[in-house]
Amino acid sequence: MSTETTNFSTTDAALTRDEMARLVAADIPAGAFVNLGIGQPTNVSNFLTEEQGVTLHTENGMLGMGPVATGDDIDEDLINAGKIPVTELPGASYFHHADSFAMMRGGHLDVCVLGAFQVSGAGDLANWHTGAPGAIPAVGGAMDLAIGAKATWVMMGLFTKTGESKLVEALSYPVTGLGCVSRIYTESAIFELTDSKVFVRSTHGISFEELAERLPVELVRGA
């Protein structure tokens, strides 16, 4: 099912991971304090500009993280929460893990960008466990970030390997946070979740009509 507003765009090809990361980076407000989750979100740091003045926070205790480290810039003692070597920017600071979580829980982050296994149309998030037997749960600080940040955005593949939608009517995986996600970036579409409605800001390599047929939630064209 679908209804329509304005402010909608489309491209012929699906987004690459770098293109997704670039779009997320461009959407982050100037001067924001931001946490980038493990996996795809880490790549966003490579596309932030100096003019934006964004300060990146890592849950293992750092403010002022720079882009992912490569080559001679790699320092194995300087990593983010996903154990990825990173760089530091001028003015970077380090602190205890407990202080880092106090920042997360205290509402001091403007945006967090997380990966996900599922997101519901109501903005419920599942990203720490699939519930599969033998799967290793990995909640980390996801629950603290999801409810503590002023805005929670998700980067994920829209479909599973078997073609099922990860944007669902109701979560079937263990919950990370309820009603916390306001924006979803995928290779096929970008979504805004507002007032229990799912707005499609853009589609990539798929038409809006095909998207509406494949997803089990009602979509609104535009954002």
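Trainee: Which backbone atom does the side chain of Gln118 reach?

Mentor: When reading a polar side chain, look for its partners. In this predicted model, the side chain of Gln118 gets to the backbone nitrogen of Tyr173, at 3.2 Å. There is a side-chain partner as well: Gln118 and Ser172 make a polar contact of 2.8 Å.

Trainee: Is Gln118 buried or exposed?

Mentor: Go by relative accessibility, where buried means under 20%. Gln118 has 7%, so it counts as buried. The residue sits in strand β8, residues 118–120.

Trainee: What does Gln118 touch, leaving out residues up to four places away in sequence?

Mentor: Asp124, Leu125 and Ala126 are on the list, and so are Lys166, Val168, Leu171, Ser172 and Tyr173. You've already met Ser172 as a side-chain partner. As for sequence against space, Gln118 and Val198 are 80 residues apart along the chain, with 14 Å from C-alpha to C-alpha.

Trainee: Let's move to helices. Which residues of α2 are buried?

Mentor: In α2, which spans residues 97–105, Ser100, Phe101 and Met104 are buried. They share the same side of the helix, because they cover an arc of only 95° around its axis.

Trainee: What covers the buried residues of α2?

Mentor: The cover includes β4 (55–58) and α3 (142–148). Have a look at what follows the helix, too: after α2 comes Gly107, with a positive phi near 80°.

Trainee: How do I read a nonpolar core? Which residues touch the most other members in the largest one?

Mentor: Start with the best-connected members, then ask which elements supply the residues. The largest nonpolar core has 31 residues, and those touching the most other members are Val119, Leu125, Ile184, Phe191, Leu211, Leu215 and Leu219. Two or more residues each come from α2, β7 (111–114), α3, β12 (181–185), β13 (189–194), β14 (197–204) and α4 (208–214). Another core, of 25 residues, lies apart from that one, with Ala25, Ile28, Val113 and Trp153 among its members.

Trainee: And pockets? What is the volume of the largest pocket?

Mentor: The general idea is that rolling a probe the size of a water molecule over the atoms shows where empty space is left. Here, the largest pocket has a volume of about 570 Å³. It is lined by 33 residues, of which Gly37, Ile38, Asn127, Ala138 and Ala142 are the closest to its centre.

Trainee: Which elements give two or more residues to that lining?

Mentor: Those are β3 (33–36), β4 and α3. You'll recognise β4 and α3 from the cover over the buried residues of α2.

How values were computed
Residues numbered from 1 in each chain as written. Predicted model: local features only at pLDDT ≥ 70, side-chain atom pairs only at ≥ 80, totals over all residues. Heavy atoms only, no water. Buried < 20%, exposed > 50% of the residue type's maximum accessible area, 1.4 Å probe, protein only. Helix = DSSP H or I, 4+ residues; strand = E, 2+ residues; numbered from the N terminus. Arc of directions from axis to C-beta. Contact = heavy atoms within 4.5 Å. Core = buried A, V, L, I, M, F, W, Y, C linked by side-chain atoms within 4.5 Å. Polar contact = N/O pair within 3.5 Å; in protein donor to acceptor, adjacent residues only side chain to side chain. 1 Å grid on protein atoms, 1.4 Å probe; cavity = no way out; pocket = protein on both sides within 12 Å on 5 of 7 lines; lining within 4 Å. Points joined across faces, edges and corners; volume = space filled by probe spheres on them.
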